[in-house]
Amino acid sequence: MRSRLAALPLLLALPFTTGCINSMLTNGQISATRQASGSFDRLGDYEVARSGAMAGLVQFEGMHELAPDNEDALYLLLSGWVGYGYAFAEDDMEAAQDKGDDAQAEYHRKRARMAYERAVTYGLELLKHRDEGFEAAKRDAATMKAWLRANFDKKEDAENLYWVGAAWLSRVDIDKEDEALVADLFIGIEVLEQSMRLDPTVQHYGAMAALASYHARSPMGEMDQAKQMFEQSIAKTQHKTLFNVLAYGQRYACMKVDRPLYEKTLNEVVSAGDTDPAQRLSNVVAQRRAKRYLGKARMMDCGFDMSAPAAPPSSAPATPASAPPPAPSSAPPAPSSAPPPPAANAPKPPPAAPKK
């Protein structure tokens with residue numbers, strides 16, 4: 001496998017005159033690359049991952065140019081750009097914010113917006129391979145739900161839908177001032193709902209955690225439902241998927257102004273260690289984010305009184321007695337954000353829930 005990947009730049013540069021040979025070799029390389037992509041999340045070095053993610057995206061863009069109809073290439077670009085946007089561009093943005101460098105923060109925010117824009121473009125292109133009715137279906141939540149159920153009804157559809165929904169919510173979250181994006185937020189919600197219906201286990205219960213973040217979008221949101229879904233996603237993954245724990249504190253506890261729960265969940269993430277080698281990079285990104293959000297300024301943004309120590313939390317996350325009900329089908333009144341999705345080719349996100 002290593003030799004195949006190393007030969008790719010040469011392969012892309014060769015001036016093939018026989019289209020079918022070019023297509024066969026390229027499609028085979030793309031398929032092999034997708035099969036090997038899971039190994040990326042076993043990396044534990046954030047800087048190595050950053051370099052690899054950037055090189056990988058350039059590679060995937062070249063693959064797509066040579067094989068525009070290849071669904072594996074579209075998937076790699078969809079998931080890769082979402083991961084890059086959250087794990088690297090947004091991380092740079094937050095680092096600049098903490099330094100008070102508004103110009104750099106805005107520059108990196110635009111990088112993240114571009115990443116999510118590209119992810120959405122490739123995601124919709126991937127969905128068109130099944131059915132071209134998206135433009136008509138996006139009229140409202142009911143038509144979107146009906147289109148998704150009619151055309152994406154197999155368990156194997158859940159992963160593509162998850163990444164499309166994550167890309168959609170991430171794009172809204174990074175640009176909440178764009179009224180047109182906010183108005184179409186329901187599309188991402190419906191896509192994630194369908195993914196969860198088909199297979200809730202995809203990406204370590206990623207759709208459930210993303211939808212929980214949506215329900216915790218404001219104090220007037222569906223906070224009880226958010227709590228139930230967060231706790232279920234954490235229990236189902238046995239506290240090994242640190243993004244789900246991070247999102248519970250960063251979204252729900254912050255919005256509830258529950259400092260003990262906030263500190264408990266984020267400190268759990270920071271001190272968790274290497275909980276699952278198969279999620280190592282995603283968890284490294286979650287730990288990096290948790291440390292940042294335990295900073296005084298970001299805790300004050302949640303409304304916490306930092307002049308006194310926090311009281312002990314009342315209880316630990318537990319598995320809910322039953323599965324959470326589906327999200328409302330009507331268009332949401334405010335932007336949400338999916339929790340950063342776990343890494344695939346590049347680490348990703350659950351996206352952050354916007355505050356009112």
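1. Start with lysine 155, which counts as exposed because its relative accessibility is 54%, over the 50% cut-off. Keep in mind as you look that this is a predicted model. Lysine 155 sits in the loop between helix 8 (141-151) and helix 9. Setting aside neighbours within four places in sequence, its contacts are Leu198 and Asp199. Have a look at serine 195 too: it is 40 residues from lysine 155 in sequence, yet the C-alpha to C-alpha distance is 8.4 Å.

2. Serine 195 also turns up where two helices meet. Ser195 belongs to the helix 11 side of a contact with helix 12, together with Leu185, Ile189, Leu192, Glu193 and Met196. Across from them, helix 12 offers Ala207, Met208, Ala210, Leu211 and Tyr214. The axes of helix 11 (residues 185-198) and helix 12 (residues 202-215) come within 9 Å and cross at roughly 145 degrees. That crossing is left-handed.

3. Now go back to helix 9, the one that follows the lysine 155 loop. Helix 9 (residues 158-174) crosses helix 6 (residues 102-128) at roughly 150 degrees, with the axes coming within 9 Å. Here too the crossing is left-handed. On the helix 6 side, the residues making the contact include Arg109, Arg113, Tyr116, Glu117 and Leu127. On the helix 9 side, Asn160, Leu161, Trp168, Arg171 and Ile174 are among them.

4. Next, the aromatic rings: how many aromatic pairs does the structure hold? There are 11. One of them joins tyrosine 84 and phenylalanine 88, with ring centres 5.8 Å apart and planes at 45 degrees, so the pair is tilted. Both residues are in helix 5 (residues 71-99), and since they are four residues apart there, about one helical turn separates them. Tyrosine 84 counts as buried at 8% relative accessibility, and phenylalanine 88 is buried as well, at 0%.

5. Another ring pair is made by tyrosine 162 and tryptophan 163. Their ring centres are 5.1 Å apart and their planes stand at 70 degrees, so this pair is edge-to-face. Tyrosine 162 has 1% relative accessibility and counts as buried; tryptophan 163 is buried too, with a relative accessible area of 0%.

6. Rings can also join into a group. Which residues do ring pairs link into a cluster with Tyr84? They are Tyr46, Trp81 and Phe88, so the tilted pair of tyrosine 84 and phenylalanine 88 belongs to that cluster.

7. Two tyrosines have an arginine over the ring. For tyrosine 86, the charged end of arginine 289 sits over the ring, 4.1 Å from its centre. For tyrosine 293, arginine 298 lies over the face, at 4.8 Å from the ring centre.

8. Last stop, the disulfide. The structure holds one, formed by cysteine 254 and cysteine 302, whose sulfur atoms are 2.1 Å apart. Where does each cysteine of this pair lie? Cysteine 254 is in helix 14 (residues 242-255), while cysteine 302 is in the segment after helix 17 (296-301). The two are 48 residues apart, and the pair links distant parts of the chain. About the S-S bond the angle is -105 degrees, and the link is left-handed. Buried or exposed, these two cysteines? Cysteine 254 is buried, and cysteine 302 is buried too.

Key. Residues are numbered from 1 along each chain as its sequence is written. This is a predicted model: local features need pLDDT of at least 70, side-chain atom pairs count only at pLDDT 80 or more; totals for chains, interfaces and linings use all residues. Side-chain values use heavy atoms; hydrogens and water are left out. A disulfide is a pair of cysteine sulfur atoms within 2.5 Å. Buried means under 20% relative accessible area, exposed over 50%, partly exposed in between (1.4 Å probe, protein chains only). Rings of Phe, Tyr and Trp (its six-membered ring) pair if their centres lie within 6.5 Å; planes under 30 degrees apart count as stacked, over 60 as edge-to-face and the rest as tilted. A charge sits over a ring if NZ of Lys or CZ of Arg is within 6 Å of the ring centre and within 35 degrees of the ring normal. Axes are lines fitted to C-alpha atoms, for helices over the stretch in contact, and angles run from 0 to 180 degrees between N-to-C directions. A crossing is left-handed if the near helix is turned anticlockwise from the far one by less than a right angle, and right-handed if clockwise. Contact means heavy atoms within 4.5 Å.
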